[in-house]
Amino acid sequence: MRLVKSLLLYTAMCLVANGPALAADTATLEALRHGDMKKLSFHAEPKSVSDLEFSGPDGAMRLTDFDDQIVLVNFWATWCAPCRKEMPMLSDLQTQLGGDDFQVVTLATGRNSPEGIAKFFGEIGVENLPHYMDHRQAIARDMGVLGLPVTIILNREGQEIARLMGDADWSSDSAKDILQTLIDEPAS
């Protein structure tokens, strides 16, 4: 299995090094999808994201503030049972992969008070994810988020390249392989 993953990664790197090949890159990433990651849909072309502001620990922010990183944006709410299940996995992803090249952004959408978010994170033991809030669901609506949770992957240019609706096992080898492949791609 490691040999297959290595060959896929090597093929992807060769394709990227030899010029733009979005379809081949997408095919390589799709081949890494197993289990819950089969719900992850890659777009044929990157899509623009909302430029609306949301609040963070340091004030107003936009998704474009995370340019030059691969970003996993998770839309969630404190009342969402599947969100409670997957949030510790997102926290682990941030611990394992987070840094200058990758960031997990959990965006509480709708009526979630700062106190409620702090309580939610405290109950599930999440300490490494900032409390971002989309108070009026403006960003969620702007990006076509119709249910929760929804997870979107952004490329280094701040464009949506993939979307997963519903909860998923973000601690799986498949999820980590997909994200690590994106992180390892040279910036364009």
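Biologist: Leaving aside neighbours within four places in sequence, which residues is asparagine 74 in contact with?

Modeller: In this predicted model, asparagine 74 is found in strand E4, which covers residues 70-76. Neighbours within four places in sequence are left aside here. The residues in contact with asparagine 74 are then Glu86, Met87, Leu90, Val105, Thr106, Leu107, Pro149, Val150 and Thr151.

Biologist: Is asparagine 74 buried or exposed?

Modeller: A residue counts as buried when its relative accessible area is under 20%. Asparagine 74 has a relative accessible area of 0%, so this residue is buried.

Biologist: With which side chain does the side chain of asparagine 74 make a polar contact?

Modeller: A polar contact requires a pair of N or O atoms within 3.5 Å. The side chain of asparagine 74 meets this requirement at 2.8 Å, and its partner is the side chain of threonine 151.

Biologist: Where does arginine 163 lie, and is this residue buried or exposed?

Modeller: Arginine 163 lies in strand E8, residues 160-165. The limit for a buried residue is under 20% relative accessible area. The relative accessibility of arginine 163 is 15%, and therefore this residue counts as buried.

Biologist: Which backbone oxygen lies 3.4 Å from a polar atom of the side chain of arginine 163?

Modeller: Not counting residues up to four places away in sequence, arginine 163 touches several residues, among them Lys39, His43, Met143, Gly144 and Thr151. At 3.4 Å from a polar atom of the arginine 163 side chain lies the backbone oxygen of glycine 144.

Biologist: Which residues have the most contacts inside the largest nonpolar core, and which element supplies its largest share?

Modeller: In soluble globular proteins, nonpolar side chains tend to be buried together. The largest nonpolar core here has 37 residues, and Met87 and Trp170 have the most contacts inside it. E4, helix H3 (81-97), strand E5 (102-109), helix H4 (114-124), E8 and helix H6 (173-184) each supply at least two residues of this core. The largest share, six residues, comes from H3.

Biologist: How many residues does the second, separate core have?

Modeller: This core includes Val105, Met143, Val150 and Leu154. The second core is separate, and its number of residues is 18.

Biologist: Which residues does a cis peptide bond join?

Modeller: Proline 149 is found in the loop between helix H5 (138-142) and strand E7 (150-154). For the peptide bond in question, omega is about -5 degrees. This cis bond joins leucine 148 and proline 149.

Biologist: What phi does aspartate 68 have, and what phi does glutamine 137 have?

Modeller: Aspartate 68 lies in the loop between strand E3 (59-61) and E4, and it counts as exposed because its relative accessibility is 59%. Glutamine 137 lies in the loop between strand E6 (132-134) and H5, and it counts as partly exposed because its relative accessibility is 36%. Neither aspartate 68 nor glutamine 137 is a glycine. Phi is nevertheless positive, at about 75 degrees for aspartate 68 and about 60 degrees for glutamine 137.

Biologist: Which cysteines does the disulfide join, and why is it right-handed?

Modeller: A search of the whole structure finds one disulfide, which joins cysteine 80 to cysteine 83 with an S to S distance of 2.3 Å. Cysteine 80 is buried, with a relative accessible area of 4%, and cysteine 83 is buried too, at 0%. The torsion about the S-S bond of cysteine 80 and cysteine 83 is about 75 degrees, so the disulfide is right-handed.

Biologist: How many helices and strands are there in the protein chain?

Modeller: Read along the sequence, the chain follows the pattern α-α-β-β-β-β-α-β-α-β-α-β-β-α. In this pattern α stands for a helix and β for a strand, and the chain has six helices and eight strands.

Biologist: What share of the residues in the protein chain is buried?

Modeller: The chain exposes about 9500 Å², of which carbon and sulfur atoms supply 52%. Of its 188 residues, the buried share is 46%.

Biologist: What pLDDT does the protein chain average, and where is the pLDDT below 50?

Modeller: The chain averages a pLDDT of 89, and 87% of the residues score at least 70. One stretch has 19 contacts in the model beyond near neighbours in sequence, yet its pLDDT is below 50: residues 1-24.

Methods: Residues are numbered from 1 along each chain as its sequence is written. This is a predicted model: local features need pLDDT of at least 70, side-chain atom pairs count only at pLDDT 80 or more; totals for chains, interfaces and linings use all residues. Side-chain values use heavy atoms; hydrogens and water are left out. Helices (H or I, at least four residues) and strands (E, at least two) are DSSP runs, numbered from the N terminus. Buried means under 20% relative accessible area, exposed over 50%, partly exposed in between (1.4 Å probe, protein chains only). A polar contact is a pair of N or O atoms within 3.5 Å; within protein, one must be able to donate a hydrogen and the other to accept it, and residues adjacent in sequence count only if both atoms are side-chain atoms. Contact means heavy atoms within 4.5 Å. pLDDT is the predictor's confidence in each residue, from 0 to 100. A nonpolar core is a set of buried Ala, Val, Leu, Ile, Met, Phe, Trp, Tyr and Cys residues joined through side-chain atoms within 4.5 Å. Accessible areas come from the Shrake-Rupley method with a 1.4 Å probe; for residues, only the protein chains shown count as cover. A disulfide is a pair of cysteine sulfur atoms within 2.5 Å.
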